[in-house]
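Biologist: Please look closely at one residue of this model, and say how open or covered it is. Then work outward from there, in plain terms, to the parts around it and the rest of the model.

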Amino acid sequence: MDLLIFQAPILMVQASMDGILLGILFALIAYGMALQWGVMNIINIAQGELVIMGGYIAYFMYLSGIHPAFGVIVSPIIMYCVGWGMYKLVINKVVDKDLFTSILATFGISILAQQLMNFAFGADVVVAQSNFGTTMLFNNSVTLPNAKIFSGAVCVISAIILVIYMKKSKLGRAIRATAQNARAAKILGVDTEKVYAATFGINAALCGIAGACIAITFTLHPYTGLPYTVRSFMIVIIAGLGNLPAVAISGMGLGVFEEWSDYLLGTEFRIAAVFSLLVIILVYRRFKLARKREYLK
Amino acid sequence: MKIRNIIITLISAITLLISTSTISFAKVVGDKIILGAAVSLTGKYSSNGVHTQNGYNLAVERINSMGGVKVGGKTYKFDIIYYDDESNSGRAAQLAERLIQQDGVKYMLGPYSSGLTKAMAPVTEKYEVPMVEANGASRSLFTKGYKYLFAVLAPANLYLDVAIDLAVEKNGGKPVTIAMAFEQDAFSQDVRLGIVEAAKRTGSKIIIDDKLPKELNDMAATLSKVKATNPDVLVVSGHTKGALTAIRQISEMKVDVKMLAMTHCDAAKLSKQHGKASEYALCASQWHKSLSYKDKFFGGGMKYDADFTKAFGYAPPYQAAESSAALLVYKDAFERAQSFDTKKVRDALAATDMQTFYGNIKFAEGGQNVSKPMVLFQVSCNDDGSKCENKVVAPTKWASAELVHPIPSWSKR
């Protein structure tokens, strides 16, 4: 297997490109998670279900004859409302409780969402066809599905828009202020309740965009949300909160690492390799932090 | 004092156990033979669970309306108690216990999927209750020495080995190179074993052997390897998700192979969801409506297809057809046993040798059906891809179309 690198070096380019495009998608979901984790200190276990829900919106547009690519516009709007409603119904009751309570609450939401989607949309695996075709590079040996390129571009654009929005707009400033110190922001007149609801809504909207991309690049099923939750959780842990470039880089790095280990070691080692990497990074970071503490003493 | 307490507890526990296990319920109420079934009406198997239930119901209705079951000069009708196992194997085992212990069911029908059948079989075996199942193909079900388990379908290792034989035949009898990608679950790994055996038998070489993680829907890396090594046959099995992912990425990455063999094309509605991209895929199926098997209840496959579509509003996948066949087997066994004694019914089931619209049924020692071969169909589309059909291409006896081999390359499609 390890000879594969030399046999067909061009396919390493293929694996890297696939990895980057996959990683961008994960990074967008992770950014949403980092945002609401940073602002509200809630780890959203239902993140993957929000993604799948967004995907189904694009799928139903496809079924009714609209091109599923428009899902990247419609899906975030609907998902913003879903996120907002979810906040008002459940999350606002656990937002100032400890982490354990909110994890349990979002875990419950995730199971409920799975069952509801299963009930409403059926248990069939579905795909939406974009018919975007394929871009061939290097004498046809590297193939890039245009749908994946499209999703990558959409993710990058939405991330850029979000960053600008967070910097320039009033709500963006309020969100950042709340993230830094919710109590101080409240004293200074920020309606934190509204900020929380908006943050959760924005997170859901980001998931909606990612979901619409997944509908045209991968497959949808009510129970397949978990991998997206796990990946975004990993990326956030590696990158830290509120650091978009780090989220983007670790997202893409993770994607490339996944595809490479799949390609070189075999598919059965793909997940194992990713989790081994996570363990190594966590141990390394702990080691580094421990050294720092010693130094500070 | 302590010892006395322990002894008393022990004795009362044993009496309780004996008293509950010897209570005999009526398994035949009035003129009704009660069958028990746990099927997945919710959860991840719910679509196939519903196909299973619809298949059972159609057969019950048909048998009852055509004179029912004649035992000892009296006519009985079938009735099924259903529970929803929530696609959860733990729940399935509980429900089997409940059906037998509380509801007094003495004859069981199988659930959907190998995993759930595996969970229920030890329970039915313990109570010596016969179970005719139609949706558990994993080979491990038939190697445990179960005496009361009967499967109307061919075991999983026979799903795709025909495809390898076919590829060798098309290669002028010379061995071929094989790339495989299988999900890591009992069923897909059994399919894999079948391929490994077929490769050994024909001297073919396996050059890629990837195991797909359950949670993933990306096989780009596997397909890159396929492109690099250019095998004669690509075999993919990973339930509906695997089938849909494979077709999507093969068409996007323009992977050219001479033969693409898969499972679950029917259940994934492959040709409907992917259209022309799924053309030429070779799919394993337990049943196809164009097969010429016959019985007096459903006529042939075409008639079954029409009746099922009329009753439920969609064309029957093979999961429904095999479920209906399970009821025909029960009826036949009861009439031959002329008794409701579970042991006699079990022996009659073991001696089954019949033809149904679904295929010939004869059980081997392990309970699997050995007299019905798998069929392979190939997806064939019209020029603009608006209409795709599944056409049986192997075995030759049932073939309604010629196999397209090798698959035209993507640049020519």
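Modeller: In this predicted model, Ile271(A) is partly exposed, because 18 other C-beta atoms lie within 10 Å, and a residue counts as buried only from 20 and as exposed at 12 or fewer. Ile271(A) belongs to helix H12 of chain A, which covers residues 270-296. Glu193(A) is 78 residues away along the chain, and the two C-alpha atoms are separated by 39 Å.

Tyr62(A) makes a useful contrast. It has 22 C-beta neighbours inside 10 Å, so Tyr62(A) counts as buried. Helix H3 of chain A, residues 47-63, holds Tyr62(A). Apart from residues up to four places away in sequence, Tyr62(A) touches Pro68(A), Ala128(A) and Gln129(A). Phe257(A), 195 residues from Tyr62(A) in sequence, is 33 Å from it in space, C-alpha to C-alpha.

Asn131(A) completes the set. It is exposed, because 12 other C-beta atoms lie within 10 Å, and 12 or fewer is the limit for that class. Asn131(A) sits in the loop between helix H5 (99-121) and S1 of chain A. Its phi is near 50°, a positive value in a residue that is not glycine. Most residues other than glycine have a negative phi.

The strand that follows this loop takes part in a hairpin. Strand S1 (residues 134-137) and strand S2 (residues 142-145) of chain A pair in the antiparallel sense, over four bridges. Thr134(A) stands opposite Pro145(A) in S2(A). Four residues lie between the two strands of the hairpin, and in the turn Phe138(A) has a positive phi of about 50°.

Now to the other chain. Where chain A and chain B meet, 33 residues of chain B and 33 residues of chain A take part in the contact. On the chain B side, helix H2 (46-65), strand S9 (205-212), helix H7 (220-229) and helix H8 (239-253) each supply at least two residues. That side of chain B divides into eleven nonpolar, eleven polar and eleven charged residues.

Strand S9 of chain B also belongs to an open sheet of seven strands with mixed pairing, in the order S9-S8-S10-S11-S12-S15-S16. S9 and strand S16 (388-394) of chain B stand at the edges with a single partner strand each, so one side of each has no neighbour in the sheet. From one strand to the next, the twist averages 25°. Inside this sheet, strand S8 (residues 177-183) and strand S10 (residues 233-237) of chain B pair in the parallel sense over five bridges. Ile178(B) has Val233(B) in S10(B) as its bridge partner. Helix H6 (residues 186-202) of chain B packs on the sheet and touches S8, S9 and S10 of chain B, and its direction makes about 165° with that of S8(B).

Val233(B) appears again in the largest nonpolar core, which has 215 residues; Leu28(A), Ala210(A), Ala163(B) and Val233(B) have the most contacts inside it. Helix H2 (residues 10-40) of chain A gives the most to this core, with 18 residues. At least three residues of the core come from each of domain 1 and domain 2 of chain B. In soluble globular proteins, nonpolar side chains tend to be buried together. Ala163(B), leaving aside neighbours within four places in sequence, is in contact with Val233(B), Val235(B), Met259(B), Ala261(B), Leu282(B) and Leu376(B).

The two domains of chain B can be placed as follows. Domain 1 is assigned 26-154 + 291-362, and domain 2 is assigned 158-288 + 374-412. Their C-alpha centres lie 30 Å apart. The contact takes 18 residues from domain 1 and 13 residues from domain 2 of chain B. On the domain 1 side, helix H4 (114-126) and helix H11 (318-337) of chain B each supply at least two residues. The largest share, four residues, comes from H11(B).

Some backbone details of chain B remain. Lys254(B), in the loop between H8 and strand S11 (259-262), has a positive phi of about 55° although it is not a glycine. It is partly exposed, with 17 other C-beta atoms within 10 Å. A cis peptide bond joins Ala394(B) and Pro395(B), with omega about -5°. The peptide bond from His405(B) to Pro406(B) is cis, with omega near -10°. Pro395(B) is in the segment after S16 of chain B, and Pro406(B) lies in the segment after S16 of chain B.

Terms used
Residues numbered from 1 in each chain as written. Chains lettered and ligands numbered in written order. Predicted model: local features only at pLDDT ≥ 70, side-chain atom pairs only at ≥ 80, totals over all residues. Domains from an automatic or database assignment. Contact = placed C-beta atoms within 7 Å. Pairing = 2+ DSSP bridges. Nonpolar A, V, L, I, M, F, W, Y, C, P; charged D, E, K, R; others polar. Axes fitted to C-alpha atoms, helices over the stretch in contact; angles between N-to-C directions. Core = buried A, V, L, I, M, F, W, Y, C linked by C-beta atoms within 7 Å.
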